Amino acid sequence: MLTGCAMWISRSRLADDVARWRRAGWVTADGETAIRAEIAASRMPVGLAGVLAILGAVLLGFGAMSFVAANWQDIPRPARLGLIVAGLWVSYGAAGVLSARQLKPFAEAALLAGVAVFGAGIMLVAQMYHIDGNPPDAVLTWAAGALFVGVLLASNASLAAAALLTALWSGWEMVSTGQVHWPALPAAAVLALAFWRQGWRPGAYLVGAGLSAWVVSLGFLLSKGSWESVVLPIGLAAMALGLLGSRLDRRLAPAGPQLAGYGFATALCALFALQFIERVDTSSLIVWGVLALALSLTLVAVALAAHAKGLVWLGYAGFAAEILGLYFKTVGTLIGSSLFFLSAGLVVIALAVLAWRLHVRAALALETSP
């Protein structure tokens, strides 16, 4: 939010300066008009509204999944299928409307909500018809659907979801079998190809982060022990050095984003092991979960300030992965989880709308001020 305010303040100050320069005779009236038009045309894309919209869609998606799962047995089967199909139509229909109105951040959020509904449909239909099988295969199907939407509709958010779900699929297979999951490598190659085809550079960070987590998990398996106490501080140190190292030595600046991203992925992998692989009590789960969410939001905030889009999306992925892990971990208390996710999602979406309106108001004021 501070980043959005700073961008608004800088544009407002520049507009005031241009007016002062004209009164001083340094620029002509036509020059002032041209400068204002240039500022309005080259303003940065909305960062804060997009961030909040994406995070709100993630929370709403998991809230809907939790609520439907909690009340699933009370809903007739035809109504269950209708509910899933309606959710998909509403999500993708909203995405089309929002895209037509040039509200791309909100359209991406709607597509992401559709991906979440698709995943909920996979899990709940399997439960409804008592379909047995390998649970990670359901996640792989979910990832394939997200990849299809991302490629077909050129949705960066859906491709990011596919990368996250692919990492979850691979990690789940590793935990289930206790063996190295080599299929993760060709899956990462397919994702990298999709990101390259779309020309979306931040996707490379997500694939790299997933491979970093795979390498760390590989270390866990090969060591036959628990390295979380070592991996976590190493990841935190690398992330801090990547974010703040340029203040110590300017030569670290070019490698800062990559170092911060891979350090974040390493630390998050260790936190996942502490929360979802090791046996921990509720208080420890809360502590590690809060730390994981705080790291994700910190990365997003700092990356927005530095205009590092790859790190912004990596922070999104970390936030969503942590929420997904907590969802599965607390599946026994679905009603409480659904109320939390739904209420938090609505609050975040409301903040996104507020941020968008403030942005539009500031832009209009800039364009119409004398």
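# Helices, a cavity and buried cores

Colleague: How far does helix H13 reach from its first C-alpha to its last?

Modeller: H13 has 21 residues, and at 1.5 Å a residue 30 Å is expected; the expected span is 1.5 Å times one less than the number of residues. Helices here are DSSP runs of H or I with at least four residues, strands are runs of E with at least two, and both are numbered from the N terminus. The reach of H13 is close to the expected value, at 30 Å.

Colleague: What kind of model is this?

Modeller: Residues are numbered from 1 along each chain as its sequence is written, and side-chain values use heavy atoms, with hydrogens and water left out. Local features need pLDDT of at least 70, side-chain atom pairs count only at pLDDT 80 or more, totals for chains, interfaces and linings use all residues, and the model is predicted.

Colleague: How many helices does the chain have?

Modeller: The pattern along the sequence is α-α-α-α-α-α-α-α-α-α-α-α-α-α. Strands number 0, and the helices number 14.

Colleague: What percentage of the residues of the chain count as buried?

Modeller: Buried means under 20% relative accessible area, exposed means over 50%, and partly exposed lies in between, with a 1.4 Å probe and protein chains only. In H13, 18 of the 21 residues are buried, so the cut-off leaves that helix mostly covered. Over the 370 residues of the chain, the buried share is 44%.

Colleague: Which helix gives the largest share of the largest nonpolar core?

Modeller: A nonpolar core is a set of buried Ala, Val, Leu, Ile, Met, Phe, Trp, Tyr and Cys residues joined through side-chain atoms within 4.5 Å. The largest one has 74 residues, with Phe 195 and Leu 206 touching the most other members. Its largest share is 12 residues, and they come from H13.

Colleague: How many residues are in the second, separate core?

Modeller: Met 174, Ala 184, Leu 218 and Leu 221 are among its members. The full count is 5.

Colleague: Which residues of H13 (309–329) does Leu 206 touch?

Modeller: Contact means heavy atoms within 4.5 Å. Setting aside residues up to four places away in sequence, Leu 206 touches Ala 160, Ala 163, Phe 195 and Trp 200. The other partners of Leu 206 have numbers within 309–329, and they are Trp 313, Leu 314 and Ala 317.

Colleague: What is the volume of the largest cavity?

Modeller: On a 1 Å grid over the protein atoms alone, a cavity is a set of points where a 1.4 Å probe fits but cannot get out, and lining residues have an atom within 4 Å of a point. Points are joined across faces, edges and corners, and the volume is the space filled by probe spheres set on them. The structure holds 1 cavity of 30 Å³ or more, and the volume of the largest is about 270 Å³.

Colleague: Which elements give two or more residues to the lining of the largest cavity?

Modeller: The lining has 19 residues, and Val 58, Leu 112, Ala 161, Leu 164 and Ala 320 are the closest to the centre of the cavity. The elements asked for are helices H3 (48–70), H5 (104–128), H7 (156–177) and H13.

Colleague: How many residues of that lining are nonpolar?

Modeller: Ala, Val, Leu, Ile, Met, Phe, Trp, Tyr, Cys and Pro count as nonpolar, Asp, Glu, Lys and Arg as charged, and the others, Gly among them, as polar. The lining has no charged residues and 1 polar residue. The nonpolar residues number 18.

Colleague: Is Ser 170 buried or exposed?

Modeller: Ser 170 is found in helix H7. Beyond its neighbours within four places in sequence, Ser 170 is in contact with His 181, Ala 184 and Trp 214. Its relative accessibility is 6%, so Ser 170 counts as buried.

Colleague: How many Å separate the C-alpha atoms of Leu 274 and Leu 232?

Modeller: Leu 274 lies in helix H11 (residues 256–277) and is buried, at 15% relative accessible area. Leu 232 is one of its contacts, along with Glu 228, Val 280 and Trp 288, leaving aside neighbours within four places in sequence. The two leucines are 42 residues apart along the chain, and their C-alpha atoms are separated by 9.7 Å.

Colleague: Why does Gln 102 count as exposed?

Modeller: Gln 102 lies in the loop between helix H4 (77–100) and H5. Its phi is near 65°, a positive value in a residue other than glycine. Gln 102 counts as exposed because its relative accessibility is 65%.

Technical notes
On a 1 Å grid over the protein atoms alone, a cavity is a set of points where a 1.4 Å probe fits but cannot get out, and a pocket is an open set with protein on both sides within 12 Å along at least five of seven lines; lining residues have an atom within 4 Å of a point.
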